Amino acid sequence: MSKKLCLLEKYKEFLPVTPHTPVITIGEGDTPLVRSKRLEHELGCGELYFKLEGCNPTGSFKDRGMVVAVAKAVESKNSSIICASTGNTSASAAAYGAVCGLTVFVVVPKGNIALGKLAQAIVYGARIIAIDDNFDKALELVRVLTQKHSITLVNSLNPHRIEGQKTAAFEIVDALGDAPDYLFIPVGNAGNITAYWRGFVHYKQGGRAKNTPKMMGFEAEGAAPIVRGKAVPNPQTIATAIRIGNPASWQKAVAARDESGGAIDSVSDAEILNAYRLLAVKEGIFGEPASAASLAGLIKQVKNGASFSNKKVVCIVTGTGLKDPDTALKSAHELPAIPADIENVEKIILQS
Ligand code: AN7
């Protein structure tokens with residue numbers, strides 16, 4: 001039986017991998033692309049798919065880029081890494097740093113990181129630095145610190161992160177036989193939309209795809225600098241993962257939008273929460289709030305009159321909903337316990 005190749009092996013011709021790059025893996029990539037069961041019909045799409053990036057080992061797409069960035073840091077004999085994060089990058093850096101025995105520093109905005117993500121950084125053994133400010137300030141700090149000290153920056157300013165993340169585009173083409181017509185994706189620091197676009201372009205250049213998709217990026221309305229055309233000093237959204245006011249890959253995201261003939265728009269917190277709920281109750285997919293921005297964007301487009309009939313559409317579900325139990329439970333009613341007998345339980349079943 002042939003051994004299943006890990007991400008660094010499978011796509012090495014497209015990655016900055018040399019004979020000296022350590023082949024590390026904790027099972028990243030190769031995530032499911034599932035066909036919609038109900039929303040495809042309700043939204044009038046020709047074909048609708050969800051790419052489940054929450055199935056990565058730390059529960060988000062960040063693992064694809066982190067495995068490359070950390071492997072390259074080890075190859076360069078660096079022993080410590082640092083990132084600013086709204087949560088998922090820190091969880092991923094902490095995990096890959098741990099498996100390589102590195103010292104990991106994560107700088108996070110205090111009070112604005114989902115509980116599960118903080119739990120991950122703690123358990124993986126990262127040094128957590130919580131600041132009394134937002135992600136943009138955290139990123140500014142780590143940029144300066146990594147110029148002063150020999151610590152590797154593993155935010156998506158590190159080009160190896162983008163290189164690794166583009167493998168998700170390869171997987172979509174490998175699964176569908178060509179690029180889809182449209183790719184819907186949440187936008188925060190704008191690294192992922194940049195990475196997907198690069199992946200689709202590289203696959204086309206390499207003869208593995210005939211087409212590239214229109215890139216449809218969605219920011220949260222209260223954190224939408226690209227849509228507004230200016231930095232947002234105090235970004236606000238329930239989707240804390242994309243609570244970012246001055247994205248590092250701003251210009252690259254604009255280029256991806258324009259070169260692909262796509263769009264970057266925003267969705268409100270209410271639209272995000274609606275899509276978050278629909279993903280779960282209609283499709284059985286529990287994504288975190290930020291990752292529902294892609295479906296929220298598709299719903300908004302359809303409401304505004306766009307038609308996707310005869311089109312292949314992919315929505316990226318960037319992270320798992322299990323990371324953010326607070327948001328999940330906010331909409332729940334208090335659950336009173338009842339006496340444990342057949343009559344009481346039966347009464348509830350018969351009432352439903
Ligand atoms: C679930 O972890 O920025 O546009 O520090 O966690 O590439 O930033 C997370 C971003 C979408 C946005 N969905 O991607 C971080 C961080 C989820 C995310 C995004 C993030 P980018």
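**Loops, rings and helix contacts**

Modeller: Let's start with A190, which sits in the loop between strand 7 and helix 9 (191-205). Keep in mind that this is a predicted model.

Colleague: Okay. What is the phi of A190?

Modeller: Look at the sign and at the residue type. A190 isn't a glycine, yet its phi is positive, at about 75°.

Colleague: And is A190 buried or exposed?

Modeller: For that, you check the relative accessible area, where under 20% counts as buried. A190 has 4%, so it is buried.

Colleague: Which residue in the loop between helix 1 and strand 1 could I look at next?

Modeller: Try D30, which lies in that loop, between helix 1 and strand 1. Its phi is near 55°, again a positive value in a residue other than glycine. D30 has 45% relative accessibility, so we call it partly exposed.

Colleague: Let's move on to rings. How many aromatic pairs are there?

Modeller: The structure has ten of them. One of these is Y11 with F170: the centres are 5.2 Å apart and the planes make an angle of 50°, which is a tilted pair.

Colleague: Where do Y11 and F170 lie in the chain?

Modeller: Y11 is in the loop between helix 1 (7-10) and strand 1 (33-35), while F170 belongs to helix 8 (residues 167-176). They are 159 residues apart, so the pair links distant parts of the chain. Both partners are buried: Y11 has a relative accessible area of 3%, and F170 has 0%.

Colleague: Which residues form an aromatic cluster with Y11 and F170?

Modeller: F14 and Y203 join them, and the four make one cluster.

Colleague: Why is the pair of Y182 and F308 edge-to-face?

Modeller: You judge it by the angle between the planes, and over 60 degrees counts as edge-to-face. Here the planes of Y182 and F308 stand at 85°, with the ring centres 4.8 Å apart, so the pair earns that label. Y182 is in strand 7 (residues 182-186) and F308 in the loop between helix 13 (293-303) and strand 10 (312-317), so the pair ties together parts 126 residues apart in sequence. Y182 is buried at 14% relative accessible area, and F308 is buried too, at 2%.

Colleague: Now helices. At what angle do helix 9 and helix 11 pack?

Modeller: To read a packing, take the angle and the distance between the axes. Helix 9 and helix 11 (residues 250-260) pack at about 45°, and their axes are 8 Å apart. The two helices are therefore oblique to each other, and their crossing is left-handed.

Colleague: Which residues make the contact between helix 9 and helix 11?

Modeller: From helix 9 come I193, T194, W197 and R198, and from helix 11 come K252, A253, A256, E259 and S260. Sorted by class, this contact has four nonpolar, two polar and three charged residues.

Colleague: What about helix 12 and helix 13: at what angle do they pack?

Modeller: Helix 12 (residues 269-283) and helix 13 pack at about 105°, with 8 Å between their axes. An angle of 65 to 115 degrees counts as roughly perpendicular, and so helix 12 is roughly perpendicular to helix 13. On helix 12 the contact uses E271, I272, A275, L278 and L279, and on helix 13 it uses A293, L295, A296, I299 and K300.

Colleague: How many nonpolar residues are in that contact of helix 12 with helix 13?

Modeller: Eight, along with two charged residues and no polar ones.

Notes. Residues numbered from 1 in each chain as written. Predicted model: local features only at pLDDT ≥ 70, side-chain atom pairs only at ≥ 80, totals over all residues. Heavy atoms only, no water. Phe/Tyr/Trp six-rings, centres within 6.5 Å; stacked < 30°, edge-to-face > 60°. Helix = DSSP H or I, 4+ residues; strand = E, 2+ residues; numbered from the N terminus. Buried < 20%, exposed > 50% of the residue type's maximum accessible area, 1.4 Å probe, protein only. Axes fitted to C-alpha atoms, helices over the stretch in contact; angles between N-to-C directions. Parallel < 35°, antiparallel > 145°, perpendicular 65-115°, else oblique. Left-handed = near helix turned anticlockwise from the far one by under 90°. Contact = heavy atoms within 4.5 Å. Nonpolar A, V, L, I, M, F, W, Y, C, P; charged D, E, K, R; others polar.
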